[in-house]
Amino acid sequence: MSQDGSGVEPETVELETSVGYALKEVASALRAAMEDVLRPLGMSVTQYSCLELLAQRPGLSNSELARGTFVTRQAMNVLLQALERDGFVSRPDAAPVGRVLPARLTPRGRRKLEKASAAVRSVEERMLSGLSDVEQASLLRALQQMSRSLR
């Protein structure tokens with residue numbers, strides 16, 4: 001009999017065959033490898049992600065950056081203040097519209113991002129080195145589909 005009294009035994013998930021567990025394991029290993037290559041540059045994964053987002057979409061707000069880097073708005077605000085203090089990001093003193101202070105990379109931030117991007121690319125290349133180009137493309141499509149299915 002089950003512990004919840006329903007008479008039905010809950011199905012157990014075998015970790016060796018769980019796609020969710022494998023994804024979490026890869027994500028954890030990827031983050032650790034990224035941290036290892038970013039640390040000598042004086043950067044965290046979140047700082048790198050923030051700079052990368054700003055390079056691709058200049059002018060994002062604190063809230064948009066927080067969503068894109070998977071941190072809270074409060075954590076992003078602290079991060080942006082530090083990036084601004086270090087000269088990697090600039091924001092206007094006053095909001096051009098409403099209360100949003102759009103952030104932009106500075107030339108110093110772009111140079112820092114170039115070094116960080118090269119380091120992160122090396123990690124991704126190492127992670128994918130055992131897969132053919134066809135397998136990599138298939139994996140990317142499958143991951144994108146999984147993400148869409150959960151939304």
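Contact means heavy atoms within 4.5 Å. The exercises below concern a predicted model.

**Exercise 1. The fold in outline**

Task: State how many helices and strands the chain has, and in what order they come.

Solution. Step 1: the count is 6 helices and 2 strands. Step 2: along the sequence the pattern reads α-α-α-α-β-β-α-α, and the two strands are E1 (89-90) and E2 (104-105). Step 3: of the 151 residues in the chain, 26% are buried. Step 4: taking contacts between residues at least 6 apart in sequence, 44% join residues at least 24 apart.

**Exercise 2. The buried side of H3**

Task: Find which residues of H3 are buried, and work out how they are placed around the helix axis.

Solution. Step 1: the buried residues in H3 are Asn62, Leu65, Ala66 and Thr69. Step 2: these residues lie on the same side of H3, because they cover an arc of only 105 degrees around the axis. Step 3: an α-helix has 3.6 residues a turn, so residues three or four places apart point the same way. Step 4: the cover over the buried residues of H3 includes H2 and helix H4 (73-85).

**Exercise 3. Met76 in H4**

Task: Decide whether Met76 is buried or exposed, and list what Met76 is in contact with beyond its neighbours within four places in sequence.

Solution. Step 1: Met76 is located in helix H4. Step 2: its relative accessible area is 0%, so Met76 is buried. Step 3: beyond the neighbours within four places in sequence, Met76 is in contact with Cys50, Asn62, Leu65, Ala66, Thr69 and Val71. Step 4: Asn62, Leu65, Ala66 and Thr69 in that list are the buried residues of H3 from the previous exercise. Step 5: for a C-alpha to C-alpha distance, take Met76 and Glu64, which are 12 residues apart in sequence and 9.6 Å apart in space.

**Exercise 4. Phe70 after H3**

Task: Say what sign the phi of Phe70 has, and whether Phe70 is buried or exposed.

Solution. Step 1: Phe70 comes just after H3, in the loop between H3 and H4. Step 2: its phi is near 65 degrees, a positive value in a residue other than glycine. Step 3: with a relative accessible area of 76%, where exposed means over 50%, Phe70 is exposed. Step 4: Phe70 is also among the lining residues that lie nearest the centre of the largest pocket.

**Exercise 5. Arg91 and Glu84**

Task: Locate Arg91 and Glu84, classify each by accessibility, and identify the polar contact between their side chains.

Solution. Step 1: Arg91 sits in the loop between strand E1 and strand E2, while Glu84 belongs to helix H4. Step 2: Arg91 counts as buried because its relative accessibility is 14%, under the 20% cut-off. Step 3: Glu84, at 29% relative accessibility, counts as partly exposed. Step 4: the side chains of Arg91 and Glu84 make a polar contact at 3.3 Å. Step 5: leaving aside neighbours within four places in sequence, Arg91 is in contact with Asn77, Leu80, Gln81, Glu84, Leu101, Pro102 and Ala103. Under the same exclusion, Glu84 is in contact with Val89, Ser90 and Arg91. Step 6: Glu84 and Leu105, 21 residues apart in sequence, are 9.2 Å apart in space, C-alpha to C-alpha.

**Exercise 6. Phe88 between H4 and E1**

Task: Determine where Phe88 lies, and which residues Phe88 touches, not counting those up to four places away in sequence.

Solution. Step 1: Phe88 is placed in the loop between H4 and E1. Step 2: its relative accessibility is 10%, so Phe88 counts as buried. Step 3: without residues up to four places away in sequence, Phe88 touches Leu51, Leu83, Arg104, Leu105, Thr106, Arg108, Gly109 and Lys112. Step 4: one of these is Gly109, which is 21 residues from Phe88 in sequence and 3.7 Å away in space, C-alpha to C-alpha.

**Exercise 7. The largest pocket**

Task: Describe the largest pocket by its volume, its lining and the helices that supply the lining.

Solution. Step 1: the volume is about 1700 Å³. Step 2: the lining has 36 residues, with Ala27, Leu30, Phe70, Met127 and Leu143 nearest the centre. Step 3: at least two lining residues come from each of H1 (19-38), H2 (45-56), H3 (62-69), H5 (107-128) and H6 (133-150). Step 4: H1 gives the largest share, 10 residues. Step 5: by type, the lining divides into 19 nonpolar, 10 polar and 7 charged residues.

Definitions and conventions: Residues numbered from 1 in each chain as written. Predicted model: local features only at pLDDT ≥ 70, side-chain atom pairs only at ≥ 80, totals over all residues. Heavy atoms only, no water. 1 Å grid on protein atoms, 1.4 Å probe; cavity = no way out; pocket = protein on both sides within 12 Å on 5 of 7 lines; lining within 4 Å. Points joined across faces, edges and corners; volume = space filled by probe spheres on them. Helix = DSSP H or I, 4+ residues; strand = E, 2+ residues; numbered from the N terminus. Nonpolar A, V, L, I, M, F, W, Y, C, P; charged D, E, K, R; others polar. Buried < 20%, exposed > 50% of the residue type's maximum accessible area, 1.4 Å probe, protein only. Arc of directions from axis to C-beta. Polar contact = N/O pair within 3.5 Å; in protein donor to acceptor, adjacent residues only side chain to side chain.
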